[in-house]
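Here is a short guide to a structure for someone seeing it for the first time. It begins at the ligand and then turns to the aromatic rings.

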Amino acid sequence: MSRRILTGITTTGIPHIGNYFGAIKPALQLSCEKNVSSYFFLADLHAIIKQTNPNEIKVSVNEVALAWLSSGLDPEESFFYRQSNIPEITELAWILSCVTAKGLINRSHAYKAAVQLNHDHTKDEDKGISMGLFSYPVLMAADILMFNSSHVPVGNDQLQHLEITRDIAEKFNHQYGNAFVIPEAIINKDGKLLVGHDGRKMSKSYNNVIPFLSSEKELKKAISKIVTNSLEPGEPKDHSSCNLFLIYSAFASSENIAEMKEKYKNGIGWGDAKEHVFNELNSLIIPLREKYLELKDQPHYLDEVLALGAEKVRPQAKELLLKIKDLVGISSIS
Ligand code: ADP
Ligand code: TRP
């Protein structure tokens, strides 16, 4: 059976190794399987919900796009585009919002967390909450349903958004006739959530990241910041409660992980352990970094790739939107 996979990354910062190992790498692996067509996009309309600095958005769009391309995305073989270049998506989002129960979106985690934060600080519960943040899941549903995607590789944190998408699609299909494919989430089973140097989830929002395509010097610096304990070299160390080990185990082979466990038992010093982590991560990143620097040096490359992507997917978006408009009764009068 053929599968159509689709995924996006919000362009709100510089990609980190969590984005690579948790999202980019598994999605690209899936795209190489037989009978799979792939849609990868830069979710810049989602980005403006959280990021109000226009320059930061531009930098992030470039960096996230280069991260995909340096990691092996082939723009000829897949559909790679920028969300804001496909205006049909926002049009579809409006139509979907008209069949979406407000109560469904009231239960969305991101919105509920924002309300809770206001409660915790005894502020008005709607303080600082935009309609964009509230209806974020509807835009995401439009991203997914627009291209009849059957499978959506995402991290655990996005599962609820997929459930909401399915609810919206089912409601529409029930009301107007079968128009949308009901998508399934693909959660990378062995994909671990990478922790940052402070032990929390590695996230652009926490400023605790190991940048993905940074220079060797920056990579080394980020690894040196990983918090460890005060045990001296020679003293046995517990790998299971160690951030450095958790980060290492997200990308190292099982043999190397087993070896590292031994090293911990035998009392490896933190400096040496960090050196090991750096060397191995760096050797994985070297070819990607080279590609990144090469692409970054070609000023028009990205514009061309994204223009080509929009050119390829817009006819598909237009076709589906026409069908949807017809179903709801807003197609041309003649
Ligand atoms: P961030 O939390 O840094 O803003 P995003 O929300 O933009 O990251 O996530 C983009 C993609 O990267 C998602 O599919 C998400 O599941 C994945 N991802 C983000 N952080 C991590 C992490 N620490 N470990 C594994 N995957 C992650
Ligand atoms: N919400 C996703 C994130 O923050 C990004 C995203 C937007 C997405 N639209 C999507 C992911 C559609 C998968 C499918 O990571």
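How far is an oxygen atom of ligand 1 from an N or O atom in the side chain of Asn 19? In this predicted model, the two atoms are 3.1 Å apart. Asp 157 also places a polar side-chain atom 3.2 Å from an oxygen atom of ligand 1. With Gly 18 the backbone takes part: one of its N or O atoms lies 3.1 Å from a nitrogen atom of ligand 1. Taken alone, ligand 1 exposes 540 Å², and the protein buries 91% of that. The space that ligand 1 takes is the largest pocket. Around ligand 1 there are 14 residues, of which His 16, Leu 194, Lys 201, Ser 203 and Lys 204 come nearest.

The aromatic rings come next. A search of the whole structure finds 14 aromatic pairs. In one of them, Tyr 20 and Phe 21 have ring centres 4.9 Å apart and planes at 70°, so the pair is edge-to-face. Both Tyr 20 and Phe 21 are buried. The pair of Tyr 264 and Trp 270 is edge-to-face because its planes stand at 75°, with ring centres 5.7 Å apart. Tyr 264 counts as buried because its relative accessibility is 0%, and Trp 270, at 12%, counts as buried too. Ring pairs also join Tyr 20 and Phe 21 with Phe 212, Tyr 248 and Phe 251 in a cluster.

Some rings have a charged residue over the face. Arg 200 lies over the face of Tyr 206, 4.1 Å from the ring centre. Lys 312 lies over the face of Phe 79, at 5.2 Å from the ring centre.

Conventions: Residues numbered from 1 in each chain as written. Chains lettered and ligands numbered in written order. Predicted model: local features only at pLDDT ≥ 70, side-chain atom pairs only at ≥ 80, totals over all residues. Heavy atoms only, no water. Phe/Tyr/Trp six-rings, centres within 6.5 Å; stacked < 30°, edge-to-face > 60°. Buried < 20%, exposed > 50% of the residue type's maximum accessible area, 1.4 Å probe, protein only. Lys NZ or Arg CZ within 6 Å of the ring centre and 35° of its normal. Near = heavy atom within 4 Å. Polar contact = N/O pair within 3.5 Å; in protein donor to acceptor, adjacent residues only side chain to side chain. Areas by Shrake-Rupley, 256 points an atom, 1.4 Å probe, with all protein chains shown as cover. 1 Å grid on protein atoms, 1.4 Å probe; cavity = no way out; pocket = protein on both sides within 12 Å on 5 of 7 lines; lining within 4 Å. Sits in = over half its atoms within 2 Å of the grid points.
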